[in-house]
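Got your viewer open? Load the model below and follow along, one selection at a time.

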Amino acid sequence: MALSRNRRRAKGGDYWPGFVDALSTLLIAIMFLLTVFVVAQFVLSREITGKDEVLTRLNSQIAELTQALALEKSGKQDLEDMLANLQSSLAQSETERSRLQSLLESGSGTQAQSEAKINDLSGKLNEEQQVSARAMSQIELLNQQIAALRAQIAAVEQALQASEAKDQASQTKIADLGRRLNVALAQRVQELNRYRSDFFGRLREILSDRQNIRIVGDRFVFQSEVLFPSGGADLNPQGLDEMAKLATALVDLAREIPPDINWVLRVDGHTDNVPLSGTGRYPDNWALSSARAISVVKFLISKGVPAERLAAAGFGEFQPIAPGDTPEARSQNRRIELKLTEK
């Protein structure tokens with residue numbers, strides 16, 4: 001069995017640079033895709049904003065054209081009223097002319113007076129006919145202007161419909177990109193969960209005979225007494241042995257996880273609620289918990305675990321898992337937690 005492990009380690013040393021290059025390439029590709037998606041969203045947002053401005057301008061033009069159309073309609077109505085009045089006057093003049101003509105024919109009044117009055121009425125009639133012709137010409141011009149305004153309004157409405165259709169297509173593209181990104185992220189999370197399960201299974205096999213090592217949720221928990229001396233952050237011999245086993249499992253796992261999964265092992269340091277004296281190497285529990293997490297991370301790096309796959313954090317006494325101030329509770333709270341997660 002030891003010979004088999006040595007062979008695996010030798011093979012891992014041969015292929016490790018390739019895996020690092022592949023992981024780096026995949027990370028760059030994912031960042032590029034995310035950048036493309038963000039740029040696409042930005043461009044589409046700019047395009048939608050531009051369409052909103054165009055719509056606002058078109059609505060303003062429609063309002064102006066509508067107002068102009070209302071004014072033209074009002075002017076047309078005035079001209080039609082004037083034309084009606086002129087036609088009424090024309091009818092009255094023709095009636096008067098007919099009456100005078102009949103009087104002339106019947107011999108009433110003098111012929112000179114009748115002819116003068118007839119000439120006067122004929123002149124007025126001609127003037128009214130000219131005014132009526134001008135009014136008809138103006139009405140025709142107004143009708144042409146109204147038709148042109150209607151054509152402009154129809155063109156504006158078509159432009160609005162085209163803009164709304166393009167905006168809807170842009171929104172559909174954004175929704176489709178978001179859906180595909182969510183599906184890809186969900187697939188990566190599922191794959192990471194599968195490898196996390198495999199990793200925990202291997203650690204159970206390796207560390208099954210240790211009573212001070214247990215699983216809490218999705219974390220492996222090492223009691224501090226197994227790894228460190230009291231108040232110190234340097235791994236003791238037993239801790240070095242346990243971390244070496246962990247490093248072997250991590251190196252094997254790094255070979256198997258596909259390079260497109262951006263995983264990281266987080267090392268969290270915790271202490272109990274007993275304050276430090278402040279005169280030693282570490283002034284408080286914050287510093288002690290952080291130093292212990294960093295010590296574990298540096299040891300794993302020395303055993304071949306990639307540094308970019310490790311993260312250290314110190315929480316001091318502020319995240320206990322066992323309430324109370326009993327020795328048993330404080331012992332459980334002094335711990336190192338390992339969690340395989342995604343960046």
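A crossing is left-handed if the near helix is turned anticlockwise from the far one by less than a right angle, and right-handed if clockwise. This is a predicted model, where local features need pLDDT of at least 70, side-chain atom pairs count only at pLDDT 80 or more, and totals for chains, interfaces and linings use all residues. Residues are numbered from 1 along each chain as its sequence is written, and side-chain values use heavy atoms, leaving out hydrogens and water.

Start with helices H4 (residues 237-256) and H5 (residues 285-302), whose axes are 9 Å apart at an angle of about 55°. Helices here are DSSP runs of H or I with at least four residues, and strands are runs of E with at least two, numbered from the N terminus. H4 passes H5 in a right-handed crossing.

Stay on H4 and pick Lys245 and Asp241: their side chains form a salt bridge at 3.8 Å, N to O. (That term needs a Lys or Arg side-chain nitrogen within 4 Å of an Asp or Glu carboxyl oxygen.) The two sit four residues apart in H4, about one helical turn.

Next, select Asp268. Its side chain meets Arg219 in a salt bridge of 3.0 Å, N to O. Arg219 is in strand S2 (residues 219-223) and Asp268 in strand S3 (residues 263-270), so this pair ties together parts 49 residues apart in sequence. Asp268 also bridges to Arg266, with the closest N and O atoms 2.8 Å apart. Add Arg335 and Glu337 to your selection: salt bridges with shared partners join Arg219, Arg266, Asp268, Arg335 and Glu337 into one network.

Conventions
Axes fitted to C-alpha atoms, helices over the stretch in contact; angles between N-to-C directions.
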